[in-house]
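These notebook entries record what I looked up in one structure. I began with helix packing and then turned to the core and to a single loop residue.

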Amino acid sequence: MNTYRATDDVHVLNDCAEIPGLGALPVNAFLLHAEQPLLVDTGMGVAREDFVSSLSELIDLADLRWIWLTHPDRDHTGALLSLLAAAPQAKLVTTFAAAGYLGTDMQLPMPQVHLLNPGQSLDLGDRTVTAFRPPAFDSPMTVGFKDDSTGYLFSSDCFGAPMPSRDTAGAADVGDVGDEDLRAAQLLWLSVDSPWLSMVSRSTFASVVDDVRRFEPSMVFSSHLPPASKPDRLFDNLVDAAGCTPFVGPDQEALMALMAEIGGIPEQAAPAEVAPA
Ligand SMILES: [Fe+2]
Ligand SMILES: [Fe+2]
């Protein structure tokens with residue numbers, strides 16, 4: 001886990017998923033150092049222990065007050081239950097539908113659940129944050145938020161883009177990525193994560209994107225992009241995804257060709273012989 005401070009009051013817990021053919025996808029969670037500290041998402045399931053120990057180096061878990069789950073995908077819920085147990089003061093901020101969905105996989109401690117819908121605000125002591133539904137998403141339960149005092153926008157999967165390398169995926173600002181490269185990477189991600197955009201008219205989608213652009217965010221913190229201190233171009237690229245062609249991954253034939261190229265699929269161990277009864 002790569003952790004760094006993006007602003008005076010935001011730490012990034014940055015992980016990375018390397019996806020063949022796509023690139024290095026950042027997987028970010030964020031710690032907002034408000035008067036009542038708030039964690040945004042809880043990392044990937046495969047990195048659960050690393051996530052908890054990395055977060056513990058940034059804050060005493062006894063002081064954590066809120067865990068904002070942007071949506072219940074497994075790259076966001078990894079350490080959720082561990083943290084609710086280790087941070088008894090913390091409440092899980094989520095929606096009715098997401099809490100119900102999570103219940104198919106885990107036993108949530110309901111006294112620690114706080115339901116909040118898009119349009120509603122949460123008081124963190126020194127600031128409020130207001131929930132909104134990002135224009136692009138892969139889960140209907142997705143809820144991002146804006147920090148009403150600083151202008152930070154926490155956008156969940158929206159504005160994601162695979163980066164060319166782990167190093168770039170772990171960069172403290174996406175500003176070093178060129179305009180064309182960023183546009184191509186955003187459009188690729190949107191074709192994977194929000195394939196329904198193929199059915200959406202540009203004018204309809206542009207007006208939805210404009211509703212969020214009017215927040216005039218000072219920073220965009222996406223789960224799958226390095227932080228963006230100059231977010232204007234992110235919005236332009238997002239609008240261009242309306243009517244996109246949905247991503248289609250490699251099929252079995254392509255996978256076998258790829259594996260042959262890199263040295264073949266390891267032989268599976270023969271099943272153990274069972275002695276006759
Ligand atoms: Fe997702
Ligand atoms: Fe995600």
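**Entry 1: H5 and H7.** I looked up how helix H5, residues 179-193, lies against H7 in this predicted model. Their axes come within 9 Å and cross at roughly 50 degrees. I therefore recorded H5 and H7 as oblique to each other, since an angle of this kind falls outside the parallel, perpendicular and antiparallel ranges. The crossing of H5 past H7 is right-handed. On the H5 side I listed Asp179, Leu182, Arg183, Gln186 and Leu187 as making the contact, and on the H7 side Arg233, Asn237 and Leu238. By class, the residues of this contact are 3 nonpolar, 2 polar and 3 charged.

**Entry 2: H6 and H7.** I next examined helix H6 (residues 202-213) against helix H7 (residues 232-239). Their axes are 9 Å apart, and the packing angle is about 160 degrees. H6 and H7 are therefore roughly antiparallel to each other, the cut-off for that term being an angle over 145 degrees. I noted a right-handed crossing for H6 and H7. Arg202, Phe205, Ala206, Val209 and Arg213 of H6 meet Phe235, Leu238 and Val239 of H7. I sorted the residues of this contact into 6 nonpolar and 2 charged, with no polar ones. Leu238 of H7 thus appears in the contact with H5 and in the contact with H6.

**Entry 3: the nonpolar core.** Which residues touch the most other members of the largest nonpolar core? I found Phe30, Leu38, Leu39, Val40, Ile67, Trp68 and Leu83, in a core of 67 residues. Strand E3, residues 23-32, gives the most to this core, with 6 residues. I then followed Ile67 outward: leaving aside residues up to four places away in sequence, Ile67 touches Leu39, Thr42, Leu80, Leu83, Ala90, Leu92 and Val93. As general background, I noted that nonpolar side chains tend to be buried together in soluble globular proteins.

**Entry 4: Thr77.** Is Thr77 buried or exposed? I found 21 other C-beta atoms within 10 Å of Thr77, so Thr77 is buried, the threshold being 20 or more. I located Thr77 in the loop between strand E5 (66-68) and helix H2 (80-86). Apart from residues up to four places away in sequence, Thr77 touches Thr42, Leu69 and Pro72. Thr42 is also listed among the contacts of Ile67. Finally, I looked up the separation of Thr77 from Phe137, which lies 60 residues apart from Thr77 along the chain. Their C-alpha atoms are separated by 16 Å.

Methods:
Residues are numbered from 1 along each chain as its sequence is written. Chains are lettered from A and ligands numbered from 1 in the order in which they are written. This is a predicted model: local features need pLDDT of at least 70, side-chain atom pairs count only at pLDDT 80 or more; totals for chains, interfaces and linings use all residues. Axes are lines fitted to C-alpha atoms, for helices over the stretch in contact, and angles run from 0 to 180 degrees between N-to-C directions. Helices (H or I, at least four residues) and strands (E, at least two) are DSSP runs, numbered from the N terminus. Angles under 35 degrees count as roughly parallel, over 145 as roughly antiparallel, 65 to 115 as roughly perpendicular and the rest as oblique. A crossing is left-handed if the near helix is turned anticlockwise from the far one by less than a right angle, and right-handed if clockwise. Two residues are in contact if their C-beta atoms, placed from the backbone, lie within 7 Å. Ala, Val, Leu, Ile, Met, Phe, Trp, Tyr, Cys and Pro count as nonpolar, Asp, Glu, Lys and Arg as charged, and the others, Gly among them, as polar. A nonpolar core is a set of buried Ala, Val, Leu, Ile, Met, Phe, Trp, Tyr and Cys residues joined through C-beta atoms within 7 Å. A residue is buried if 20 or more other C-beta atoms lie within 10 Å of its own, exposed if 12 or fewer, and partly exposed in between; C-beta atoms are placed from the backbone.
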